[in-house]
Amino acid sequence: MPVSEIKKVGVIGAGVMGAAIAAHMANGGVDVVLLDIVPEGAEDRNVIAASAIQKLLKTQPAALMHKSFARRIVPGNLEDHLDRLADCDWIVEAVIERLDIKQDLYRKIAAVRRPGAVISSNTSTLPLHRLTEGLPQDLCQDFLITHFFNPPRYMRLLEIVAGPTARPETVEKVRAFADERLGKGVVMCKDTPGFIANRIGIFWLQCAVVTAMEQNLPIEEADAVIGRPLGIPKTGVFALLDMVGLDLMPHVLGSMAESLPTEDPFHAIYQEPALIKKLIADGYTGRKGKGGFYRLNRDGGGKVKEALDLSSGDYRVSEKPKLASVAAAKKEGPRALLAHDDRSGRYAWSVMSRTLAYAASLVPEISDDIPAVDEAMRLGFNWDMGPFELMDKIGPAWFAQRLEADGQKVPSLLKAAGEGTFYQDQNGRLTAFGTDGAYHPVKRPAGVLLLADIKRGAAPVAGNGSASLWDVGDGVLCLEFHSKMNSLDFKILFLLRKALKLVPQGYRGLVVYNEGSNFSVGANIGLLLIAAKVKAWFLAEWMVRLGQNTYRDMKYAPFPVVVAPSGMALGGGCEMMLHADGVQAHGETYCGLVEVGVGVVPGWGGCKEMLWRWAKSKKRPGGPMPPVIKSFETISMAQVAKSAHEAKDLLFLRPEDGITMNRDRLLAGAKAKVLALAEGYTPPAQETIQLPGRSALAAMQMAVDGFMKNGKALPHDGVVSKGLARVLSGGDTDVTETVSEREILDLERSVFMKLARHPDSIARVSHMLKTGKPLRN
Amino acid sequence: MKNVVIAGYARSPFTFANKGEMTKVRPDDLAAQVVAGLIKKTGVPVGDLEDLILGCAFPEGEQGLNMARLVGFIAELPLSVAGTTVNRFCGSSMQAIHMAAGAIQMGAGEVFICAGVESMTRVPMMGFNPLPNPDLYERYPQAYMSMGETAENVARDCQITRAAQEAFAVESHAKASAAQSQGRLSDEIVAIKSNGGWVEQDGCIRAGTTAEGLAELKPAFDEQGTVTAGTSSPLTDGAAATLVCSEAYAEAKGLAPLARIKSIAVAGCKPEVMGLGPVAASNKALERAGLGGADIDIAELNEAFASQCLACLRDLDLKNAAINVDGGAIALGHPLGATGARITGKAAQLLAREKGRYALASQCIGGGQGIATVLEAVH
């Protein structure tokens, strides 16, 4: 298996990108050697790499999935430690973009590397044929460009360029490792400038900037249209450039201008506006600098968001535009935006028509494959849809017609698509339009299983407005949520109950999984507000009981249930994980019991499961209090694990729960886990624990009083924490007695209901629903 | 009655809990290294030792069982030397000295090691299983009041301003760092093996501490209060030990006594102002010694918090005394169980070094108590 061939990785260059690549290799579980030059007169000859590792520990968002992974990265320098590359299986170069320096380095590496070890460059501007020019043949066979996107932990795209003499095993070794261990969506690219994502993405950004300047459009309006209405992140263009750094753009644009053929449409929009030059010169390089297109003005103590006026170059208070074009798009989709006749609609058309047409014109120059182009833009720029998917959404024929009416050239591929679409569903299989005019099945890497593919052309086994139940093969059912933000409501719980009845009728187990950006943001707390308004508290209590009983039944069902979260798994979503017989978590899972933020305690068995987990943990000190204290800390501070690895520290995941790095392999991993557990499955036994009761309550009350006094807890935090303390203490029990799960669930429910009625809790719920942020009262 | 002397004093470096250099050292190992260091330094014939009395404020976990006996085994003391672990919170190892003094005067032994240890890294304050009596907590919550809160109470009741506390803390750091840089601390310190290396220096002292820097800290215990982390003693890992014997024994064996124990006392006070405990205890001990505050040349007053130390100094009439000459716990650190042995041993050492006549060592104790020892020069 190729994956096992890469056990140790060398990274040369400990700048921002090199260090972050090293961190992500460590996330992937391999040992890393990180080398950089020896600065003149340095006392510590490894100072650059060593301080880069120290910086990694402080980077936000974290580059490392667990702080301890920093120990997998060994710092060194290029003068003393080249020999450390000798046992590396893959050596990534991420040094300054200078051909002579890179080639010199490759020769040095070639002298020490083991036969077959891969050398790759993270270059974004230099073509592969120039990097390998004049290098020995055996080196070229193992040489690739591996182009990571920043930040490498979070951006899923990896572009790989392989030269004509590259060995297929070399490519496959890196591809498989990047896919399975680094979680990357690997897109094979041709050796053309900017590869795929930057070729299109830089054109798009530049087009959006210069067009906004020409049309004198406020940047908030530009970001409002070239954003969510088109399935593009809400940072749009200008806020995205602030994030990337304005000073990076001249280099990237310059290198594009230098390397693209003269007939490329890029040249028509290439310019370096004086305004941007001045911004950079004055230190307005974006978020890392004093600000960029937007800035936060802290004069006068407050924080005022300001936007740059593109014509005057002055900042003014930023406004939230209300646009008819955006409203139209919300109702009728992106075509309504591009066809809209107000200035923002005309702007959107001007930018996106040229960008999409440019993308269409680049096939087959940059890739023979439409899905590869779409995937590169989805994973490299976080677009919901790639350019061809977007064209399908607005209608290729309509688009071609509009281009023509606009006097723009219609790319031949778009013409060839005619009245059809770029993607077609053929008997439940997704196919894509090829340059040969025929449709070809969209290939997935071996082992990838997507619910989206299963759903295509299949009918759910059961379903309702919030959830569906799918047969994912081999006797495994999959419960999918599709409510708003995947919040958990009674419909989801009903379907889960139904699934628990259906599985024994011919299935082997159940997976709970979905392909939303978040597994679940928690229970739908809107119900609490309704209950408060009409004083229908029985409704809220019924819902708590329903959740408790459903999760209990899921845990003790006579077949395995595996929960497979990705993204946020909060509150009730986290409690579902806690009750699963097994969890297969995506590495990027952010889970936590955050109920105190809305003034209540976990009510669906979360308190109970944490107590039992800590009681059984071998990592805790002895005695009856540590499980109580640990659970209290975790829940009262609403601790959220920032990765699946961190979730193991907090016991949201058990040591035996699995972690899948590639999002697209999560369902397959979960299914495999169900099938493995199904062999001779016996449900867990009901267990009791001993809790100290009132003595524990007094200890926690003391701690809460201290936090109130020193200002670390807000007044209502005190009320909620003391409620939580009552649940975790075991209530009126004594350390000589045992407590059952049922008793703790009853306590949870009664404390939950008491807190839910508290006006300050209701204020928290209402504020959360309105703003998405916790109220500090 | 037999005279009792302190005939030796040694301690480990004091380093920050949770982030210092001795976080990986077990407290029993730490204490054993200091005990061994003291034996080597004094040359006491170990076969003569009656007992190892070890103070510890949270004797559970790695500090649990009868740690003193285990430390005896680790330090390879003869099996004939007994061991007992005593707890009077921060006063634990001064209590150990008092117990030895009492035993010697009873004729129940000639020579004792009186030590103390606390790894505040490895056994947290309050221990792993805090289980307060819920009825007492309801009726009389100050029984369990946090130390920080009592320091605030003292600051408020005695009107000790934040600026005064900070000036006191700056002075403590200045004295300690001067003592450290002039090598005045090195002869009491036993190097400790930790993580394969040796720890030889105190780790909590911040040489450049300024009033301006301290003024920027937020109150640590009460949003509206005046006590900050900078005017409190830090959580610390450390151990200290003294050799306590009859004066006749010291003479017979050629040991070099540092000071004679003149009198001892403990006293209770309101738990909510436990920081004032040293006042009653010191006055009692002074009275028993037939002395007044003005007779004291050297005073070691534990700096649990600047507020309580200043309040005690205001009430005690120590007008001729040099106070905490080499710095106090705000700068050096306060490993709870070890501090009593440190300040008593230090007072004895200073009495010899500074050629004074009388010394006072005293400290406050959580729950509302004070403990005090009056020493007399032997030279």
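Q: What makes up the domains of chain A, and where do their bounds come from?
A: The bounds come from an automatic or database domain assignment. For chain A it gives domain 1 (2–189), domain 2 (197–371), domain 3 (451–491 + 499–525 + 557–594 + 640–678) and domain 4 (595–636 + 685–777). Taken over C-alpha atoms, the centres of domain 2 and domain 3 of chain A are separated by 37 Å.

Q: What kind of model is this, and how are its parts numbered?
A: This is a predicted model, in which local features need pLDDT of at least 70 and side-chain atom pairs count only at pLDDT 80 or more, while totals for chains, interfaces and linings use all residues. Residues are numbered from 1 along each chain as its sequence is written, with chains lettered from A and ligands numbered from 1 in the order in which they are written.

Q: Why is A:Phe195 called buried or exposed?
A: Burial is judged by counting other C-beta atoms, placed from the backbone, within 10 Å of a residue's own: 20 or more is buried, 12 or fewer is exposed, and in between is partly exposed. A:Phe195 has 27, so it is buried. This residue sits in the loop between strand E8 (185–189) and helix H7 (197–215) of chain A, and its phi is near 50 degrees, a positive value in a residue other than glycine.

Q: Which label does B:Glu76 earn, and why?
A: With 12 other C-beta atoms within 10 Å, B:Glu76 is exposed. Here too phi is positive in a residue other than glycine, near 55 degrees. B:Glu76 lies in the loop between helix H2 (67–74) and strand E4 (82–86) of chain B.

Q: And what makes A:Arg552 fit its class?
A: A:Arg552 has 18 such atoms within 10 Å, so it is partly exposed. Its place is in helix H23 (residues 537–556) of chain A. A:Arg742 is 190 residues away in sequence, yet the C-alpha to C-alpha separation from A:Arg552 is 9.6 Å.

Q: What makes a set of residues a nonpolar core, and where does the largest one lie?
A: A core is a set of buried Ala, Val, Leu, Ile, Met, Phe, Trp, Tyr and Cys residues joined through C-beta atoms within 7 Å. The largest has 143 residues, and among those with the most contacts inside it are A:Val11, A:Ala22, A:Leu34 and A:Ile196. Domain 1 and domain 2 of chain A both give residues to this core, so it lies between them. A second, separate core has 126 residues, including B:Leu52 and B:Ala281.

Q: Which residues is A:Ala22 in contact with?
A: Contact requires C-beta atoms, placed from the backbone, to lie within 7 Å. Leaving aside neighbours within four places in sequence, A:Ala22 meets this with A:Val11, A:Val32, A:Leu34 and A:Ile73.

Q: How do you know that strand E2 of chain A pairs with other strands?
A: Strands (E, at least two residues) and helices (H or I, at least four) are DSSP runs, numbered from the N terminus. Two strands pair if DSSP finds at least two bridges between them. E2 (residues 31–36) has five parallel bridges to E1 (residues 8–12), and A:Gly10 stands opposite A:Val33. Another five join E2 to E3 (residues 73–77), also parallel, with A:Val32 opposite A:Ile73. Five of the six residues of E2 are buried, so this strand is largely enclosed by the rest of the structure.

Q: What makes a β-α-β unit right-handed, and where are such units found?
A: With the strands pointing away from the viewer, the path from the first strand over the helix to the second must run clockwise. In chain A, E1, helix H1 (residues 16–27) and E2 make a right-handed unit. The crossover from E2 through helix H2 (residues 47–56) to E3 of chain A is right-handed as well. In chain B, E3, H2 and E4 make another such unit.

Q: How do you know that helix H10 of chain B is mostly covered?
A: Seven of the ten residues of H10 (residues 306–315) are buried; B:Cys309 and B:Leu310 are among them.

Q: What makes the peptide bond from A:Gln60 to A:Pro61 stand out?
A: This bond is cis, with omega near -5 degrees. A:Pro61 lies in the loop between H2 and E3 of chain A.

Technical notes:
Two residues are in contact if their C-beta atoms, placed from the backbone, lie within 7 Å.
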